[in-house]
Amino acid sequence: MLAKQIYDVVVVGSGPGGVAAAIEAKKAGADDVLIIERDTELGGILLQCIHNGFGLELLKEDLPGPGYAQHFIEEMLSLHVEVLLNTMVMDITPQRHLFLSSKEHGYVEIEARAIVLAMGCRERTRAQIRIPGYRPNGIFTAGTAQRWVNVEGYMPGKEVVILGSGDIGMIMARRLTFEGAHVERVLEIQSYLSGLSRNLVQCLQDYNIPLQLNHTIKRILGKNRVEAIEAVQVDEKWNFVPGTEEVIPCDTLLLSVGLIPENELSRKAGVKLDPITSGPYVDETFQTNVPGIFAAGNVVHVYDLVDWVSEAGFSAGKSAAKYAIALRNAEARYTPLVAGKNVRYVVPHKLDKSTLEKEDIRLQMRVTRPIEQPVWVEVHDGENLITRKAERYVRPGEMVTIVLKAKNYADVAKSSKLTIDINPR
Amino acid sequence: MQEKYDYIIIGGGVVGCMLARWLSRYEGKVLLIEKEADVGMGCSSANTAIVHAGYDPLPGSLKARMNVKGNAMWDTLAGELNFAFERRGDYVVAIGDDELPLVHKLMDQGKQNGVPGMLMIDGPEMRAREKHINPETSGALWASTGGICDPFQVTVAAGENAVMNGAKLLLNTAFQDFIMEGKRIIGVRTNRGDFLGRWVINSAGIYSDEVMHKAGVRPEFIIKPRKGEYYIFDRADVSIDNVLFPVPSHKGKGILVTTTLHENTIAGPNGTIIDDKEDTSTTKEGLAEVADGALKLVPSLNLRYSIANFVGLRPMGNGPCKTPGVVYNNDYIIEIPEEVQGLVNLGGIESPGLTSAPAIAEEVVDMLRDAGEKFVAKKDWDPIRPGRPRFRNMSHKDRQLLVEMDPRFGQVICRCENITEGEIIAEIHAPIPARTYDAIKRRTWLGTGRCQGGFDMTRVVTILSRELGISPLEVTKRGTGSEYLFRQTKQVEG
Amino acid sequence: MAEEVNFICTACPQGCSLTVLMENGEVLGVTGNSCKKGLDYANAETSDPRRMVATTVKIHNGFHPLLPVYTERPVPKPMIPQVLAEIRKVEVEAPVVMKSVVLENVLGTGINVLASRSMPAKG
């Protein structure tokens, strides 16, 4: 069950960016921090990145993705960050209200004093790079294939061609080879490698998987399942070089053609996006243009080392906590004024306690009914009377006032709520 | 023991499903056979989703009559079958002064066809109505009775209503031949057995010519597939709120830029005549042609906001128009042929086929009645096919109530389009069950957003496997032969 | 007979193209490196190339059907196919704690295979 309606900091996404933000938000003094994850467990994309190479900078250790994730998740949980799993954030308003949907908790609205967006990236798709041909099964982004192979335990292909020399594609080339598939070719449209050269060596060269630069796919063949792809060489303007076509039989095409920050929610919250990064405009505290909404990790721009994602998360979490605390302190300065017995309404509705230190505050009200006899107009905090005033009568048509004086400050400062009652004397 | 039907319908596209729906209103056993794993997998789910006003078909043609009659039936139908439909109205836009006379001609043609609610507007008015229109526009025809729908929803809704009213639907059942007694058709032979019926109705779409030839009917009638390619755009980056037609040419109505009821703008189709009836591939040249046409109407359209492409094959037939004095060789065939008994023959139902579908169904019932069929209305016929909740269209308050009622609606599976597990399960167990990924996609619009299934694919495979009681290895995209997974890694259980 | 071997250094992301002159399995000289790490890499790669191996094993009654595992140190490159074959035989029981040993001293290398993460039992 959700512990509260309003949180100091809410983090959306429990990948490395989100977890780091939650950790640092707590350490920086946020009272309550909630992290929301749409999947069945914490960790985000790292859970399916079972290869090594994570943590070399920050932890001085060469860890697989899940191990890196777990290290920080354990720290986060030890700080008593609240966790919601299997929960999708459906909407965020600029006023920092979040609408959440899950089987377990239903459809609920919560409020945050500060939000850290850490939704990561999605993968570029076939349609976005416009490969003509049929739309058979067997065309997957490398990440989707990775989830099947590493987490759910299924092989989505036997004879594979990979388009794009991004890291995920090269990693999957090795992974699929380990699990008994045959990776026929990796094609890269640019004249240079898209990912890290370490992966070229350890994923492609080690396993004799050919990489063809300046190549792309002209057409996909196969109606129900991929049967072949037609590879072709391109010139520096990406035009097809006639006569270089090669039909490569295969049953699976993996796409590793780029990551795009996932900012659906950010848009809903009114966050402005940089068209070049596809992520939010942020300042050095990782705050977006919407006050109180911060962003960290791949959702801002695509990182190549997860260690720097965690660093960004720490920074954003710290800033978010600072913002939340300032907001909470500002809220705490206010005391609400409540219309009590025989009072229809009171203006102002709330007052800043610190004002009373220097000046008087006049309260104005109207009564619900005429009382044609002497009355007391009393201001109290539920237990103690703070001040009162006598009136000979009260009528709805005549406004009633009472003044809170500076000498009342000490009493008002202790109270969380003031009620004004009018009773016959 | 062979089951004997009164009406056997070949082909479960929008026309076949409408026919089933109309016939299931009356006493009599209706069988609808469809060769694919789902209804509407041909042209019916791959078109521009327009309910045409009716100014385009040649006056006097059967196309024109069916179009205008059909158009008027959509409000009632949408209400009864609960599918998405809106009379948005459409524009035929002239770019440059040269095109204006053609638009006037369409207006005249519309009047001849009996199309109500048309108006000519000038260039400044067109620019005011659509701020992204090519500024060179010299004016347009505004047809207020034009509409947009979800054509697949229409198809499945009609089919479900037919099934709910007693019609039988057999998927994965392909027509092979007629069973004849002399000159009388008494049934059909399929890959899943023989079925006997008093009447067989040919609504086989792109294969309708091959079906009728099996009965020796109209050997000269040939269907040529006319391929239309489309772009779908990201709704956050491209929002054209109108239905924009160019001036038509000999090739057809032309390349539109139009809004859809999913709020995605689409552009297309071109019209390339091909030979292969199974060739639904997109082509570089075709997509370039669509891009050119689209940019002519909306020069600011940016192709980089395209998130998907698709292809529809229209069944273009060479049927002659039967109206005396009208010379036209691309008309619909809707007839009871004389050469054989027991056949209702439909052929060449291309655009405006979707619009005409309910009118065609009614026409067929009338024709059968004229041929002596006694139609007795079923006492318990229910015209209503209830709608199912669409989480994405609901307010926060309504979503809360829905999730309280059934928590499975709280589990969001498709992030981009906000489709929930509850909806997916409802479609898997609907009167026409969705048993493949694409079937769920057509019904719910899942997987059609920016990530194109990147997040939902693995989860939908798991849900289908669980709900259908099959192994994940058996889950397919569009029927047998399109499985996702080959084997388990390391032979795991579970 | 001296021969030249070319490869890309993976000691750091820079990826220098190294050329190593070898004779009878001995390194005569290295060119193309920008730092000492490249020199060390060249020596290691030509005499005893090693790689970290990461894969998955079957886990019974676990939250997921597979548990990711990794070699705690790089194993000799030529042994990778056999190492994978050995790991494939391993099946573990949930729950499992991160970094616990799922296969000790794989093929006598002195290198253990560890669980990449903790995995609780199902349900």
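Here is a walk through a predicted model, from the contacts between its chains to a few of its helices.

Let's start with chains A and B. On the chain A side, 51 residues take part, and they touch 61 residues of chain B. Together the two chains bury about 5000 Å², with carbon and sulfur atoms giving 52% of that area. If you want a place to look, try A:Lys103, A:Tyr107 and A:Tyr154: they supply 15% of what chain A buries against chain B, more than any other three residues.

Now swing over to chain C. Here chain A brings 30 residues to the contact and chain C brings 26. The buried area between chain A and chain C comes to about 2300 Å², and carbon and sulfur atoms give 56% of it. The trio to pick out on chain A this time is A:Glu41, A:Gln70 and A:Phe178, which supply 21% of the area that chain A buries against chain C, more than any other three residues.

Back to chain A and chain B for a single residue. A:Glu264 sits in helix H7 of chain A, which covers residues 264-268. Its relative accessibility is 14%, and since buried means under 20%, A:Glu264 counts as buried. What does A:Glu264 touch, leaving aside its neighbours within four places in sequence? The partners are B:Arg415, B:Cys416 and B:Arg450.

Staying with chain B, have a look at helix H10, residues 421-428. This one is mostly covered, with 7 of its 8 residues buried. The buried set is B:Glu421, B:Gly422, B:Glu423, B:Ile424, B:Ile425, B:Glu427 and B:Ile428. So what covers them? The cover includes two strands of chain B, S21 (412-414) and S22 (419-420), along with two helices of chain B, H11 (437-444) and H12 (456-468).

Last stop: a helix pair inside chain A. Helix H1 (residues 16-27) packs against helix H8 (residues 306-332) at an angle of about 40°, and their axes are 6 Å apart. That angle is why H1(A) counts as oblique to H8(A). The crossing of H1(A) past H8(A) is right-handed. On the H1(A) side, the residues that meet H8(A) are A:Pro16, A:Gly17, A:Ala20, A:Ala21, A:Ile23, A:Glu24 and A:Ala25. Facing them from H8(A) are A:Val306, A:Val309, A:Ser310, A:Gly313, A:Phe314, A:Gly317, A:Lys318 and A:Ala321. Sorted by class, this contact of H1(A) with H8(A) has 9 nonpolar, 4 polar and 2 charged residues.

How values were computed. Residues numbered from 1 in each chain as written. Chains lettered and ligands numbered in written order. Predicted model: local features only at pLDDT ≥ 70, side-chain atom pairs only at ≥ 80, totals over all residues. Heavy atoms only, no water. Buried < 20%, exposed > 50% of the residue type's maximum accessible area, 1.4 Å probe, protein only. Helix = DSSP H or I, 4+ residues; strand = E, 2+ residues; numbered from the N terminus. Contact = heavy atoms within 4.5 Å. Axes fitted to C-alpha atoms, helices over the stretch in contact; angles between N-to-C directions. Parallel < 35°, antiparallel > 145°, perpendicular 65-115°, else oblique. Left-handed = near helix turned anticlockwise from the far one by under 90°. Nonpolar A, V, L, I, M, F, W, Y, C, P; charged D, E, K, R; others polar. Buried area = accessible area lost by both parts, 1.4 Å probe.
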